[in-house]
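Please go through the model shown here. The report below takes up single residues, helix packing and the nonpolar core.

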Amino acid sequence: MTHREHLAQADRFIAECKNRIARQREIIATAYEDGHSTGIPVSMLRALEENLRSFERHRLLILDQLKNADRQRLARTASPSSVRN
């Protein structure tokens with residue numbers, strides 16, 4: 001898988017996680033309104049939020065790898081050994 005494919009996958013994971021977080025917040029609100037315990041749903045929300053932070057950190061790593069790959073590609077094309085007379 002290329003860096004760009006990894007980036008697209010990370011973006012999908014982030015979007016899906018954000019949707020799950022929004023849904024979990026709805027579940028918590030409904031449970032609270034109905035007088036049910038929210039301990040477990042809140043715990044699940046915290047886990048989802050930590051997953052989101054992990055996905056976002058991973059995305060930043062992928063972006064750094066893309067930048068490094070671009071710099072290396074530019075360095076190779078600009079190096080004197082790649083210039084023909």
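At 28% relative accessibility, Asp 70 counts as partly exposed, because the value falls between the cut-offs of 20% and 50%. The model is a predicted one. Asp 70 belongs to helix α2. Its C-alpha atom is separated by 15 Å from that of Glu 5, and the two residues are 65 apart along the chain.

Gln 72 is in helix α2 too. At 49% relative accessibility, Gln 72 also counts as partly exposed. The cut-off for exposed is over 50%, so 49% stays in the partly exposed class. Between the C-alpha atoms of Gln 72 and Met 44 the separation is 42 Å. Along the chain, these two residues are 28 apart.

**Buried polar and charged residues**

Glu 49 sits in helix α2. Its relative accessibility is 16%, so Glu 49 counts as buried. Leaving aside residues up to four places away in sequence, Glu 49 touches Ile 21 and Arg 25.

Gln 24 is found in helix α1. It is buried, because its relative accessible area is 11% and the cut-off is under 20%. With residues up to four places away in sequence left out, Gln 24 touches Pro 41, Met 44, Leu 45 and Leu 48.

The table collects the accessibility values.

| Residue | Helix | Relative accessibility | Class |
|---|---|---|---|
| Gln 24 | α1 | 11% | buried |
| Glu 49 | α2 | 16% | buried |
| Asp 70 | α2 | 28% | partly exposed |
| Gln 72 | α2 | 49% | partly exposed |

**How the helices pack**

Two packed helices are described by the angle between their axes and the distance between the axes. What are these values for α1 and α2? The axes come within 9 Å and cross at roughly 160°. An angle over 145 degrees counts as roughly antiparallel, so α1 is roughly antiparallel to α2. The crossing of α1 and α2 is left-handed. Which classes of residue form the contact of α1 with α2? It has 19 nonpolar, five polar and nine charged residues.

**The nonpolar core**

In soluble globular proteins, nonpolar side chains tend to be buried together. Which residues make up the largest nonpolar core here? There are seven: Ile 14, Cys 17, Ile 21, Ile 28, Leu 45, Leu 48 and Leu 52. Two elements, α1 (3–33) and α2 (39–78), each give two or more residues to this core. Helix α1 gives the most, with four residues.

Cys 17 is one of the core residues. Not counting residues up to four places away in sequence, Cys 17 touches Leu 48, Asn 51, Leu 52 and Phe 55. Leu 48 and Leu 52 are among the core residues as well. Leu 48 is also touched by Gln 24. Ile 21, another member of the core, is touched by Glu 49.

Terms used: Residues numbered from 1 in each chain as written. Predicted model: local features only at pLDDT ≥ 70, side-chain atom pairs only at ≥ 80, totals over all residues. Heavy atoms only, no water. Core = buried A, V, L, I, M, F, W, Y, C linked by side-chain atoms within 4.5 Å. Buried < 20%, exposed > 50% of the residue type's maximum accessible area, 1.4 Å probe, protein only. Contact = heavy atoms within 4.5 Å. Axes fitted to C-alpha atoms, helices over the stretch in contact; angles between N-to-C directions. Parallel < 35°, antiparallel > 145°, perpendicular 65-115°, else oblique. Left-handed = near helix turned anticlockwise from the far one by under 90°. Nonpolar A, V, L, I, M, F, W, Y, C, P; charged D, E, K, R; others polar.
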